[in-house]
Amino acid sequence: MATLTQSDSCYTEQFGPTLSFAPAGGWGSRQPDKLVKTHCCFCGVQCGIQLKVSDNKVVGFEPWEEFPVNQGKLCPKGVKRYLQNDHPDRLLTPLVRTDSGFRAATWDEALSKTVAAIKSIQGKFGKDAFAFLGGASMTNEKAYLNGKFARLALQTANIDYNGRLCMVSAGAANRMAFGVDRAANPWSDIPLAKALLITGANIAECFPILTDHVWRARDHGAKIIVIDPRITPIARTADLFLPVRPGRDSALANGILHVMIERGWIDEAFIAAHTHDFDKVRALVAKYTPALTERITGVPAASIVKAAEIWGPAETSMLLHARGIEHHTKGVENVLTYINLVLATGRIGKPGCGYGTITGQGNGQGGREHGQRCNQLPGGRDINKPEHREFIAKFWGVPEPELPKQGLTACEIMDAIERGEIKGLLSISFNPLVSIPDASRTRAALEKLEFLGCIDFFLSETARHADVVLAGSLQEEDEGTVTTGEGRCVRLRNSVSPPGDARVDWQIICDLAARLGNAAAFNYARPKEIFDELAAASKGGPIDYSGMSYERLEQNFGIFWPCPAPEHPGTPRLFEGGEFHHPDGRAKFHAFDYRPPAEDVDAQFPLFFTSGRVVSQYLSGTQTRRIGALVEQYPEPLCEMHPRLAAKLGVKDRDLVRVSTRRGEITVPAQVVTSIRPDTVFVPYHWPGRKSANLLTNRALDPISKIPEFKVCACKVEKVADAPAQPARQFPARSQRAASTR
Amino acid sequence: MNDALEFFIDPSRCIGCQACVQACGECDTHRGTAMIHLDYVHRPTGVQTTPVVCMHCEDPTCAKVCPADAIKQDEQGVVLSAAKPRCVACSNCVLACPFGVPKMQTSFDLMMKCDMCYDRTSIGRKPMCATVCPSGALFYGPRDYVEKFRREQPVNEFQFGAQTVRTKVNMMTAPGVKALPFDVADFLPFEALDEDPLALARAGAPDVADAAVWHELHDPKAELELICE
Amino acid sequence: MPWMVAVGAACVVCAAVIAGSRGLKHFDAALLYYAIGSVLAAAAVAYRFTVWAQRPPSRMYFKRGLELLLRRGTGRLPAVALATADKIVAQNFIRRRSVYRWVMHLCLSGGCTLAFAITFPLVFGWVHFAPLTGDAETYRVMVLGFGVDSFHVAGVKAFVMFNLLNLSALIVLVGLIMAAVRRFTDAGERATQKFWEDILPLLLIFAVTATGLMLTVSYKFLGGRGHSLIAVVHLVSVLALLFYIPFGKLFHMFQRTCSLCVSLYKKAGARGPRAHCMCCGEDFASRMHVDDLKTVPD
């Protein structure tokens, strides 16, 4: 039973989060032994960075200006990322749970215990009763290895990863529309676009480096349309801002397409030659007049027309979106309706013309390509397709029927644990307690597990529940490759070795596999061998890495897949010449009518709740909540609300408010700002326990992608207490309404 | 020395991410203390932030008011941070700087301010903040590039009452851009200006568009089943 | 004005030498060059100090500091004493910046102060040692011509007396080594240090210290070999150091006096009326400071 055995404060005292402010050895002299050219571990942009290494410790960084994507630029997370190394909270040995907390254990004991639990649970309840959860912040090598480990060593169907909480809606939509799951263009196309449509993407805070690309487009005369319930820093100076009501995205896209068709801003020739099903879309959007769309979305009809006027006739254009439209029970539908806007203009597959979802996690792209998803085999192959199963079974040297079938997705695994169907879980680089919606249910589910094993470098909130914690490796302590949000596979170099008795993650997986009787299939001397194997496994698949090698990646600042041969230069831009990846080479329109979110506002819960990130924190905060400078930048979650709503609720800035939904409640300070819709409140999600926004969010899943609806649910807000007294700092009343351009 | 490279600040590009401030402390000479600032202009009414680095005045007021000769200007016009042996922590410079740049580190009895990463710029490299800035709000490069590619215009002369201050660092101005509203309410449909934030929250009517749209629709779930992932 | 102060300072030192050595009776002619150097250096320091103290911001603090001191007479003396102990003697502000630099700086400033405290009185003829009549083994310590103490030449006291200068040299040497390590290894310092400001003073202090110790080594262990040459080098290095003081980094030891005025000024400002931000209402400085500062730049 994976219940906690001591108070939260005891865990915090022993395992943090402790705030680290200064590098190993202090600020005084930081003459590095070497500078290691590698990449930042946070977010899918994977900025190039040079880590200063001294005495096997990362003591600082130096910008890496030669790397073409970020050219030395970094966000605050990248600047301070090195402080996660030589951290007091770092796990240095395996841990085994005791009656009060944990005790250090030998590797032999920890691995034996884990393997014994796996065998016992699988013996009693069947192979699928033991599940595996991976992470999208890990290297391609580990993603591949996780999938192989689950299928061959654990032989469970239930393997999935935390990318299920991130960009699977976009992935599914990409495959449905284009036949392949990748951003269609390299980011270097952004500055070439004359119109940018940015929807549900807080670029400035989640992918700060891409801001420069957006501004460069503006320098070249691009018009920028931002669609978001909040005025994000990108929206502040956008040419057009559409404050969409949460959960209404597909209606807005349909409304814009309505105007484009009416005004004739569509490319009939392209549609006829390269796509299917436009007629269905044309028929559907006929009813989405600006007036109706305004009623659904809360965006003025005039702004909807203006958006069509900017987007429709533009010479070149890029659509960029992120979790804002993907984290919905109709996430796939949202993405597909926006892709319709791209396909209808025919502006794709050309310089400055195309489309991109911006992946959020460190290896958000690569992590979803190599078989650590429940429905996927290496090379982006489909676990349900007989020919794909046959290829991989042969590649791994097992009979095809022995290869597990499609299993459950991440949230469904949690639901199955809750129902008692899954009894054991091995989790690596995943903190579901903080990141899966409806956290109270997640905690209850974890407590029902007969065995929970975690591979992690810090003791995450989830790992506190573990029976065995295996001390793994930070990104800089291992090497390998990651694939960035633009589809560029880049090389991570080893900077330091794991401290104490900690081991590199892939070695731990291989050790477990060996003890489960699969030593032969998991016999690697170094990550390069895993990479060569995954590249070979991807040969001929939808996601083809077979022409890549570490040497080539290093020489070329990474290579874009597909790269099917050693002399192939890679493919930065997809769909050139209107060639899509469906068998007939055509793209597909999808006509989706708007439908409301799983939970909409009503008299009892009258406000929209939405969540997201802040720039200084990353995902569940396992790493970034331990870095002092980042914590100080935004120390605790705040509830953003509009002054008009605040007045209605009698709330003043920094008053404590209780935000509650049908699932739970949290009490946080209010931040009264005009930059959010009056009918919506926002709380960022990086914190655990009583500050966790995911106590509130709704675990309703998209029927296709199984992504949960993080971005909209119904809540109510009440004032709990006055703001704590602060030093005399009163802002004078200011009239801001005068400056409207409308 | 790299005379061709200049410093340009463009608050219109700033996204408030604090990368510059965090990176400032990482410069070897700054030892964990950030010497620049980034603040919201007025967070309640908007997300405009403004990065403040030393403007490196041609005739620096900070140096003029320093009683201890602690603030020196080099041959290139870079105004250095207070010399550690000299600074007497009087705060004259903190109060006198027209741009609000110097800050007193009371625990050290030492004023520390942006020195344009002297250890880097003096050997032709870029300052830390302008190297990392993700938005290009802080830019260190040739004037040619700025004039050719940026829509904003650089200025380096400022008026403070009777005082005219000319600076080494340029501020980008955007003459062509109209004032922008910072309130979401200004972007909402006109009638929404007086809209009740709780207007949608009627009992039994979970979605505002229900009556208008849904009576004529087929079942969307049935359609979804046709599509396999 | 600065010239007059410089000449005045030189005269004061000359007068002190003449008076202190009882009309040059106890003046050691072998130390003549040191004495001349000291007089000239005093003039240079006085000149530099006057120029500096007359700059509007420094003048403002010195003026206000004196006003505050005199306004309540001796009531301010404890505050001044406290500030002196904290800032000039203990140098706590350096400790807060870095303990390493604090130890280094205490070694350098303490060792040098001790050395000067010994050598200036000897050079100026204020102190000399006279053998007791009838007992060549016992010396009397003569201060300003008055005997204040006596010691046996083989006693512990004698050993300490004769080696105090060597001890101060050793303390300085520790500080110099620490400074050298820092100058060689600290990436930030390496990037920004300047020869004239940061390296030269260390070299000069090292030259003085090393040659001073070599004099001892020469007459103690080498039978005086090379003594005269070393003595000349020592003299040159000491003079160089003295003349460097007003024109380089080391002048900060005189400028630190201003920090005492600043302490008084801040204390007075904290008690007096305050200035508040016109926008947010934050209390940011004393009214007096804001008003005084307006007069400074013009």
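Before anything else, let me say that two residues are counted as in contact here if their C-beta atoms, placed from the backbone, lie within 7 Å. With that in hand, please keep in mind throughout that what we are looking at is a predicted model.

Let me start with the overall division of chain A, where the domain assignment gives domain 1 at 8–84, domain 2 in the pieces 95–165, 365–481 and 494–528, domain 3 at 168–357, and domain 4 at 607–730. I would like to dwell on domain 2 and domain 4 of chain A, whose centres, taken over C-alpha atoms, are separated by 31 Å. Between these two, 18 residues of domain 2 of chain A are in contact with 19 residues of domain 4 of chain A. On the domain 2 side, the elements of chain A that contribute two or more residues are helix 16 (410–418), helix 17 (432–435) and helix 18 (439–448), and the residues of that side comprise eight nonpolar, five polar and five charged.

Now to a sheet in chain A, an open one of three strands in the order 19-20-21, with antiparallel pairing. Strand 19 (480–483) and strand 21 (559–560) of chain A each have a single partner strand and stand at the edges, so one side of each has no neighbour in the sheet. Strand 20 of chain A, residues 488–492, pairs with strand 21 of chain A over two bridges, and in strand 21 of chain A it is A:Ile559 that stands opposite A:Cys489. Finally, helix 4 of chain A, residues 140–154, packs on this sheet and touches strand 19 and strand 20 of chain A, its direction making about 90° with that of strand 19 of chain A.

Notes:
Residues are numbered from 1 along each chain as its sequence is written. Chains are lettered from A and ligands numbered from 1 in the order in which they are written. This is a predicted model: local features need pLDDT of at least 70, side-chain atom pairs count only at pLDDT 80 or more; totals for chains, interfaces and linings use all residues. Domain bounds come from an automatic or database domain assignment. Helices (H or I, at least four residues) and strands (E, at least two) are DSSP runs, numbered from the N terminus. Ala, Val, Leu, Ile, Met, Phe, Trp, Tyr, Cys and Pro count as nonpolar, Asp, Glu, Lys and Arg as charged, and the others, Gly among them, as polar. Two strands pair if DSSP finds at least two bridges between them. Axes are lines fitted to C-alpha atoms, for helices over the stretch in contact, and angles run from 0 to 180 degrees between N-to-C directions.
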